[in-house]
Amino acid sequence: MSNLDTRPDVVVCGGRTAVPAAPVHEVLPGREVRLGESTMVRRLLPTLGRRLVGAWCFLDHYGPDDIADAPGMQVAPHPHTGLQTVSWLLDGTVLHRDSLGSEQLLEPGRLGLMTAGRGIAHSEQSPVPHPHLLHGAQLWVALPEAYRHVPPAFDHHPDLPVVTDRGLSATVLLGTLAGATSPGTTYSPLVGADLTVAAGADVRLPLEPDFEYAVLSASGAADVDATALAPGALMYLGTGRTEVRLRTDTPARLLLLGGEPFAERIVMWWNFVGRSGDEISRYRREWNDGDAFGVVRGYRGDRLTAPPMPATPLKPRGSLNEEVKPLAWPAGGG
Ligand code: MN
């Protein structure tokens, strides 16, 4: 999945100032974003309200869409740096190709984990033919300074641990939940889990007090503690929890994200995560000018071009302790 905005916002985030030291229930509705020709997604991270949950720095939720008579997802080759992408399908299939030569059909219940590190390019497409439904989430995890230049990698994990309780089945995508640990490589303390909650369930999930958490409803409504979570919304839960209570009247599918608050300040622009405007500018130039990120073989069609940089230098504002704010592009940027 790519950020296809032609005028992407600069997002400067990180640091602990914006992390509440106690449990909260902050509902973040997200916004609709067009992804390519035919796919609409709900962008839940980053939003104006919150930019990071642990190292999770990007969350798009798409579908369920009937793509029987549509091309479905068509995201041409594009680069990434300084992050991992987590591809998670609830329905349908997506064909992943990358500049390492990986070609993997992604399916529900199986994790596609791409570590961009110092740089990679990939494409994501609904194959032909494809199932009628497409429903999933695309997430990014920011890599900490010590690991953000690691060599790129793609891993496919078809067998993930599942934790069950009365009315709950939780698949652990990354990290550890209730003693079950995903085989996926992580570079900071975090967790991601897909929760299938039965109608009428009332369950408590054990959490880490040092982590901050958020929960997305991919389908169905749920009460998180005593606060209602509507389908498609993200609820930020803060830190300082040993558990969260989930109750449902109807079946629900939830995504739990958590992690230690990410202490570093990062700069996100388009599909890059870096630490300065100059660095992002160099990534953009390297992508648009040549094959520094490698070539995605097997993809038919043109790759994406990075949009113009803003006229104003792109840099984090102020000190580490300032309130976290977005830096908007100047109108009509370069
Ligand atoms: Mn991507």
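**Salt bridges and a loop glycine**

Let's start with a charged pair: Arg253 and Asp194 join their side chains in a salt bridge, with N and O 2.8 Å apart. Arg253 sits in strand β25 (residues 252-259) and Asp194 in strand β18 (residues 190-197), so this pair ties together parts that lie 59 residues apart in sequence. Keep in mind that you're looking at a predicted model.

The two partners don't share the same kind of surroundings. Asp194 is buried, with just 1% relative accessible area, because the cut-off for that label is under 20%. Arg253, at 24%, counts as partly exposed.

Now move on to Arg245, which makes a salt bridge with Asp202; here the closest N and O atoms are 2.7 Å apart. Once again two strands are involved: Arg245 belongs to β24 (residues 243-247) and Asp202 to β19 (residues 202-206), so the bridge links parts that are 43 residues apart along the sequence. Arg245 comes out as partly exposed at 25% relative accessibility, and Asp202 is partly exposed too, at 41%.

Some of the charged residues gather into a group. Glu145, Arg148, Glu264, Arg275 and Glu279 are joined into one network by salt bridges that share partners. If you go through the whole structure, you'll find 14 salt bridges.

One more pair deserves a look, the one between Glu103 and Arg97, whose closest N and O atoms are 3.4 Å apart. Is Arg97 buried or exposed? Arg97 has 12% relative accessibility, so it counts as buried. Glu103, on the other hand, has a relative accessible area of 52%, and it's called exposed because that label applies to values over 50%. So this salt bridge has a buried arginine at one end and an exposed glutamate at the other.

Let's leave the charges and turn to a glycine. Where does Gly49 sit? You'll find Gly49 in the loop that runs between β4 (39-45) and β5 (56-66). With a relative accessible area of 48%, Gly49 is partly exposed. Set aside the neighbours within four places in sequence, and Gly49 is in contact with Glu26 and Leu28. For a sense of scale, try picking out Gly277 as well: Gly49 and Gly277 are 228 residues apart along the chain, and their C-alpha atoms are separated by 23 Å.

Technical notes: Residues are numbered from 1 along each chain as its sequence is written. This is a predicted model: local features need pLDDT of at least 70, side-chain atom pairs count only at pLDDT 80 or more; totals for chains, interfaces and linings use all residues. Side-chain values use heavy atoms; hydrogens and water are left out. Helices (H or I, at least four residues) and strands (E, at least two) are DSSP runs, numbered from the N terminus. Buried means under 20% relative accessible area, exposed over 50%, partly exposed in between (1.4 Å probe, protein chains only). Contact means heavy atoms within 4.5 Å. A salt bridge is a side-chain nitrogen of Lys or Arg within 4 Å of a carboxyl oxygen of Asp or Glu.
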